[in-house]
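Colleague: I am new to this structure and would like to go through some of the terms used for it. Please show it, and then I will ask.

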Amino acid sequence: MKYNSLRGMQDIFPSNVFLWQYLESEAKRIFELFNFQEIRTPILENAEVFLRSIGEDTDIVEKEMYIFDDKKGRKIALRPEGTAGVVRAYIQNQLFNNPSPQKFYYIGAMFRYERPQKGRFRQFHQIGVESFGVSSPSVEAEMLYMLKILFESLGIKNLNFEINSIGCKDCRPNYKEAINKFLSDKISLFCNDCQRRYNRNPLRILDCKVPSCKEILKNVPQILDFLCNNCKEHLSKFQKELEILNVSHIINPRIVRGLDYYTKTVFEITTKMLGTQNAIAAGGRYDELVKAFGGPDTPAAGFAIGMERFIEVCKTNLKIEPKKPILYVAYAGKGLDREVKKVVNFFRDKKIATETPYEELSLKSQLKKADRLSVEWVVIVGEDEIKKSLYRWKNMKTGSQGVGTIEEILKIIRGENDIK
Ligand code: HAM
């Protein structure tokens with residue numbers, strides 16, 4: 001019987017994992033400079049955690065959640081995103097009693113039952129951050145600045161920072177009404193998805209990607225004309241902060257986001273390199289979510305980067321190599337097991353990545369293996385040399401070779417000796 005991985009779920013092999021590790025470590029390094037600290041929440045949560053936060057009428061909850069009953073009949077879900085779990089953990093553990101802001105980052109797998117395509121998977125990975133306790137737009141301005149620093153550190157250019165405000169519970173209802181009015185005599189012209197959204201979540205129609213829907217939406221009322229003073233002020237302060245931080249951006253009034261918890265600021269970082277799935281990162285403010293979850297009134301904001309898309313964009317720029325062993329320890333002769341292990345352990349202990357044969361092989365086959373692994377150095381443990389505590393060494397790239405004590409060879413490998 002032949003097994004394949006599930007549709008939309010990928011294996012990530014060592015030839016790619018090194019890129020993941022590098023991007024993750026750069027993100028961690030930069031996020032920690034901004035005082036975000038790692039939080040790890042479970043992959044499984046009570047399904048309600050997502051239904052109540054992301055919103056019952058969103059695509060994620062309506063169509064894309066992996067939900068099942070556990071052995072006791074409780075509704076459990078694989079997390080489709082990271083924010084809801086962090087908010088649940090924040091409230092459950094009363095982290096609001098700690099000095100604010102509380103700033104977290106997370107890295108992990110998320111699951112959405114979407115139609116797989118380029119840049120869209122059913123298991124994908126996000127690196128995200130969440131910040132709790134501050135209502136000033138300095139928070140989201142700093143987040144965009146942090147993203148800019150991260151992308152620059154990886155040599156990624158040509159990203160668009162698109163921002164918008166989707167108002168708050170005071171001003172958004174007026175906008176929804178205006179949209180409904182605008183759409184009422186045109187709704188039959190929209191795609192099936194939009195027709196469904198019209199009754200339940202009309203704002204979502206705004207970011208429909210179907211060309212004929214986009215055409216009808218050309219003259220749709222703009223949210224920016226409906227913002228209350230508080231939201232207007234928030235947006236203009238946000239833009240001012242972005243200018244101070246030198247983050248070029250555009251206002252895209254069509255960004256509404258596919259999750260219901262946002263208030264005021266929303267943003268997406270997009271690139272032309274990714275085709276239709278063009279958002280590499282996205283986020284915004286969610287000032288009402290903690291309270292809606294039963295916590296105290298707590299302003300909050302965050303974003304998540306899609307790792308697969310991040311990798312795709314970085315791949316062409318990054319000049320880093322997959323990790324491989326530097327040294328191969330071979331043997332010439334029989335009964336040298338103990339000595340070979342000693343030498344291997346010595347080099348590994350000195351942080352030199354070392355490989356060695358696991359079965360009996362001729363020296364010629366061992367050297368062939370070393371060559372295949374493209375190691376830079378080979379050390380040969382031989383009967384004659386052992387008696388004098390000496391070993392043969394060879395640089396596989398330059399062909400130079402010699403005999404030395406283990407300490408001398410270590411120096412040569414480390415480049416602390418003239419020999420190359
Ligand atoms: P989101 O826009 O749903 O937001 O996802 C954030 C990013 O995850 C997207 O911009 C995209 O790069 C990536 N992504 C989403 N779905 C997929 C998929 N099926 N395959 C590959 N990549 C995908 C959120 O998840 C929010 N929790 C972000 C946030 C954090 N807002 C506040 N805090």
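Colleague: Why is the pair Lys-63 and Asp-193 called a salt bridge?

Modeller: A salt bridge is a side-chain nitrogen of Lys or Arg within 4 Å of a carboxyl oxygen of Asp or Glu. For the side chains of Lys-63 and Asp-193 the N to O distance is 3.9 Å, so the pair meets that rule. Lys-63 sits in helix α3 (residues 59-64) and Asp-193 in helix α7 (residues 192-200), 130 residues apart; helices here are DSSP runs of H or I with at least four residues, strands are E runs of at least two, and both are numbered from the N terminus.

Colleague: What is the model's origin, and which atoms count?

Modeller: This is a predicted model, in which local features need pLDDT of at least 70 and side-chain atom pairs count only at pLDDT 80 or more, while totals for chains, interfaces and linings use all residues. Residues are numbered from 1 along each chain as its sequence is written, and side-chain values use heavy atoms, with hydrogens and water left out.

Colleague: What makes Lys-63 count as partly exposed?

Modeller: Buried means under 20% relative accessible area, exposed over 50%, and partly exposed in between (1.4 Å probe, protein chains only). Lys-63 has 40%, so it falls in between. Asp-193, at 30%, is partly exposed as well.

Colleague: Which residues are joined with these two into one network?

Modeller: Salt bridges that share partners join Asp-57, Glu-62, Lys-63, Asp-193, Arg-196 and Arg-200. By the same rule the count of salt bridges comes to 25.

Colleague: Are the partners Arg-120 and Glu-114 buried or exposed?

Modeller: Both Arg-120 and Glu-114 are buried. Their closest N and O atoms are 3.3 Å apart, in a salt bridge.

Colleague: How do you know that Glu-114 makes a polar contact with the ligand?

Modeller: A polar contact is a pair of N or O atoms within 3.5 Å; within protein, one must be able to donate a hydrogen and the other to accept it, and residues adjacent in sequence count only if both atoms are side-chain atoms. An N or O atom in the side chain of Glu-114 is 2.7 Å from a nitrogen atom of the ligand, so the pair qualifies. A polar side-chain atom of Glu-81 lies 2.5 Å from a ligand nitrogen, and a polar backbone atom of Phe-303 is 3.3 Å from one.

Colleague: Which element gives the most to the shell around the ligand?

Modeller: That is β10, with five residues.
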